[in-house]
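Hi,

Here is the structure I promised to send over. Have a scroll through it first, then read my notes below.

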Amino acid sequence: GDRLERVAGRAVRTFDEVYEALEAAGKAKAVEIEALRAGRRITARLTLDRDPGLAPRIEPIIGSVALFSPARKAGLQPGDRVLSVGGRRVREWSDVSRLVAGTKEGPVTVVIARGGARSSATMEPKREGPDGRRIIGISVRPPETLVRRFGLLESARAAAMEIRAITVATVTAVAQVITGRLRFQDALGGPVMIARVGFEKAREGASDLLHFIAVLNVQLMVANLLPIPALDGGMIVLACWEGIRRKRLSVTTYQRFNTVGVTFIVLLALVALFFDVRR
């Protein structure tokens, strides 16, 4: 409930600005935070040697309901306010995911308020993600948003930061799949998943859809640079190998290399489609 006013000497209005101020603090071991609590100004020191644990307080109002999800089948709708999960009261959105994930095997009852009336719905959560968390397929309604308009240079800088963040997240996911920390089927999405997510983003608004398209393009860029035959990353590996040998590879070698790559990509697409349908 504290309203943050200044972080590391910088005035903040949004949580994006809070995170930017913490990042700008760099290698500082601790930063000073000024906040308002019940009209009274307080000061605290926050250590940065671990996750600060700061997150906005968000009302437990459903923003979207995923297609083919337990929540959609049970009749939950965007705009519903979640009052309780499994008989336990909900005060903010973080309570919803925590209570659903914490329930034991079996159905869970969710009490909601819609149009001034209360109702309940019982559903069987499904398990998803590398840790097999139980979910019902709902996402939060976006909190109040502050719109900031940038000039050309500021827009380019903000876009570059966003592309960097998406790239890092994509590379991290690939590394986690290779090391076994993330299940292959949880990291891979095929045409059905792309269509499903795109449909949901289109319902949320044009800006969300455009952002999804941009994310998809950045992920394809990263995938194209992987050292897989037939992709640009594979061609770069061959070019480097030719540079080391100081001799070009034969046409037959290139053809075999590309055949292996195309076969792998087709199999990958079929596996992705299989997991899409299974979901």
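What follows is a quick tour, from the whole chain down to a few residues.

First off, keep in mind that this is a predicted model. The protein chain has nine helices and twelve strands. Its C-alpha atoms fill a box of roughly 75 × 50 × 35 Å along the principal axes. The radius of gyration is 24 Å, while a compact globule of 279 residues would come in near 19 Å.

How much of the chain is buried? Buried residues account for 25% of the 279. The accessible surface adds up to about 18800 Å², and carbon and sulfur atoms own 58% of that. As for who touches whom, take the contacts between residues at least 6 apart in sequence: 54% of them link residues at least 24 apart.

Now zoom in on helix α4, which runs over residues 152-179 and has 28 residues. From first C-alpha to last, α4 reaches 40 Å, close to the 40 Å you'd expect at 1.5 Å a residue. Right after α4 comes G180, with a positive phi near 85°.

Then have a look at helix α9, residues 251-278, where you'll find V266. Together with V262, L267 and L270, V266 makes a nonpolar surface patch of about 360 Å². V266 counts as partly exposed because its relative accessible area is 43%, and partly exposed means between 20% and 50%. When you look at the spacing of the patch, remember that an α-helix has 3.6 residues a turn, so residues three or four places apart point the same way.

Shout if anything is unclear!

Cheers

Definitions and conventions. Residues numbered from 1 in each chain as written. Predicted model: local features only at pLDDT ≥ 70, side-chain atom pairs only at ≥ 80, totals over all residues. Heavy atoms only, no water. Helix = DSSP H or I, 4+ residues; strand = E, 2+ residues; numbered from the N terminus. Expected span 1.5 Å × (residues − 1). Patch = residues over 30% accessible without salt bridge, like charges linked within 9 Å, V, L, I, M, F, W, Y side chains within 5 Å. Areas by Shrake-Rupley, 256 points an atom, 1.4 Å probe, with all protein chains shown as cover. Salt bridge = Lys/Arg side-chain N within 4 Å of Asp/Glu carboxyl O. Buried < 20%, exposed > 50% of the residue type's maximum accessible area, 1.4 Å probe, protein only. Rg over C-alpha atoms; globule rule 2.2 N^0.38 Å. Contact = heavy atoms within 4.5 Å.
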